[in-house]
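Subject: Structure handover

Hello,

Here is the structure I promised to pass on. Please open it alongside this message.

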Amino acid sequence: MKPTLLQVLYEPQIKLPIDFKYYWQLLNEMEKSKIHAQALFILKQNGRLKGTPAFFQQALHEKFQSILYQNILMKNQTERLLCEFERGGLDVIPLKGTSFSEKHFGHIGARPTSDIDLLIKAYDMEEATNIVKRMGYAQKEKQVPNHFHTAFSKELPGSEIPLTVELHWDLLKKDTTNLEISEFWKEAYPIDDSVYVKQLSDYHLFYMICLHGWRHNMNSLKYFIDIIQLILNLNIDYKRLIDDATRHKTKKRTIRTLSIVYEQLPILQSINEFTEKIPTLYNQRNSPIKKYADFIDYSFLSFDSPKHSIIEIYHMLSSKY
């Protein structure tokens, strides 16, 4: 049995196949999740890249170049926005983005960034909106009740895709969780010599990335790679995480997400043991019935409170009618 893409990236003791068809299949798999740049840098870091065919290496480098140019632009636009927040005296935390790529993948172009996500405080929403609009962004959508972010966009010269900025005042819907975003702010710390531009603590970054993966039902390898990189780079206190998730009513979501990740890459147990694992249906998603069961589990059964499950059902039904 040939190794999975995650095994190729993270288990250097596994021998690489020599079958060219296999590497074309890997490229197709990467294309689905747009993870060529991550794969390139992880293979480089693990000393595995030179063991792959030349056409495979060339394909990764070509994809990386286009991502690099995009990320340089994204970094410039992000820094301009953050300067305005600093000048305006508004607390702001960039979520993920190019700084995440540089710190946890080793290069600005090692992870694609498609938009700019900023965490602000809810009571600063009006002034934050004014800052973003002054920078040329127009609001794409009305604020949705009980939601936790809103989007703005602007056209860029030479780009067919508008640049989007999302202002977040929370990480999950407030009526389906007891998450205290103030705890994330309390441990955030200033970036460089700024006062108002901050970054999440390593612990809360990991927590946020896990919740982000859950929100997308781990439907892309990019969510796996983000979480795995943090497990490798950080010493996460899982007891604290589960204790906090229990208080926040996000325990099932957190355990489900990490169970899926550890299920796909069991070697992680030797790096940071996770004892709360539960069986998941991730490996059965190719079966229509199991895929539907997994969707039901994700959509309605991964809430800690029956009340939260009912609210989520209501949200889904009301959005369709």
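Below is what was found, from the overall fold down to single residues.

**Overall**

Note that this is a predicted model. The protein has 13 helices and 7 strands. Its radius of gyration is 20 Å, close to the 20 Å that the globule rule gives for 321 residues, so the protein is as compact as a globular protein of that length. The C-alpha trace spans about 55 × 50 × 40 Å along its principal axes.

Of the 321 residues, 53% count as buried. Take the contacts with a separation of 6 or more: 65% of them are between residues 24 or more positions apart. The accessible surface comes to about 16,200 Å². Carbon and sulfur atoms account for 54% of that surface.

**The strands**

Start with β2 (residues 116-119). This strand pairs with β1 in the antiparallel sense, over 3 bridges. Within that pairing, I93 stands opposite L119 of β2. β2 also joins β5, by 4 bridges, and here the two strands run parallel. D117 stands opposite E166 of β5 in that pairing.

Now β5 (residues 163-168), which pairs with β4 as well. That pairing is antiparallel and has 6 bridges. F152 has V165 as its bridge partner in β5. β4 in turn is joined to β3 (residues 138-139) by 2 bridges, again antiparallel. The bridge partner of Q139 in β4 is F152. F152 thus appears in both pairings: with Q139 of β3 and with V165 of β5.

Which way do the side chains point? In a regular strand they alternate between the two faces of the sheet. In β2, I116 and L118 point one way, D117 and L119 the other. All four positions are buried. In β4, H149, A151 and S153 point one way, while T150, F152 and K154 point the other. Strand β4 (residues 149-154) is mostly covered, with 6 of its 6 residues buried.

**Salt bridges**

The structure holds 21 salt bridges. Three deserve a look.

The first pair is K96 and D117, with the closest N and O atoms 3.8 Å apart. K96 sits in the loop between β1 (93-95) and α5 (97-105), and D117 is in strand β2, 21 residues apart. Both K96 and D117 are buried. D117 is also the residue opposite E166 of β5.

The second pair is R111 and D226, whose closest N and O atoms are 2.9 Å apart. R111 lies in the loop between α5 and β2 and D226 in helix α9 (residues 221-233), so this salt bridge ties together parts that are 115 residues apart in sequence. Are the partners buried or exposed? R111 has a relative accessible area of 9%, under the 20% cut-off, so R111 counts as buried. D226 is buried too, at 2%.

The third pair is E183 and R247, with the closest N and O atoms at 3.0 Å. This pair links helix α7 (residues 181-187), which holds E183, to helix α10 (residues 238-248), which holds R247. The two residues are 64 apart along the chain. E183 has a relative accessibility of 21%, so E183 counts as partly exposed. R247, at 45%, is partly exposed as well. The pair belongs to a network: salt bridges that share partners join E183, E187, R240, D244 and R247.

**S305**

One last residue. Where is S305 found? S305 is in the loop between α12 (288-300) and α13 (306-320). With a relative accessible area of 15%, S305 is buried. The side chain of S305 reaches the backbone nitrogen of K307 at 3.1 Å. T250 lies 55 residues away from S305 along the chain, and their C-alpha atoms are separated by 9.2 Å.

**To look at on screen**

- The strand connections: β1 with β2, β2 with β5, β5 with β4, and β4 with β3.
- The buried salt-bridge partners K96 and D117, then R111 and D226.
- The network that includes E183 and R247.
- S305 and its contact with the backbone nitrogen of K307.

Best wishes

Technical notes. Residues are numbered from 1 along each chain as its sequence is written. This is a predicted model: local features need pLDDT of at least 70, side-chain atom pairs count only at pLDDT 80 or more; totals for chains, interfaces and linings use all residues. Side-chain values use heavy atoms; hydrogens and water are left out. A salt bridge is a side-chain nitrogen of Lys or Arg within 4 Å of a carboxyl oxygen of Asp or Glu. Buried means under 20% relative accessible area, exposed over 50%, partly exposed in between (1.4 Å probe, protein chains only). Two strands pair if DSSP finds at least two bridges between them. The radius of gyration is taken over C-alpha atoms; the globule rule is 2.2 Å times the number of residues to the power 0.38. Contact means heavy atoms within 4.5 Å. Accessible areas come from the Shrake-Rupley method with a 1.4 Å probe; for residues, only the protein chains shown count as cover. A polar contact is a pair of N or O atoms within 3.5 Å; within protein, one must be able to donate a hydrogen and the other to accept it, and residues adjacent in sequence count only if both atoms are side-chain atoms.
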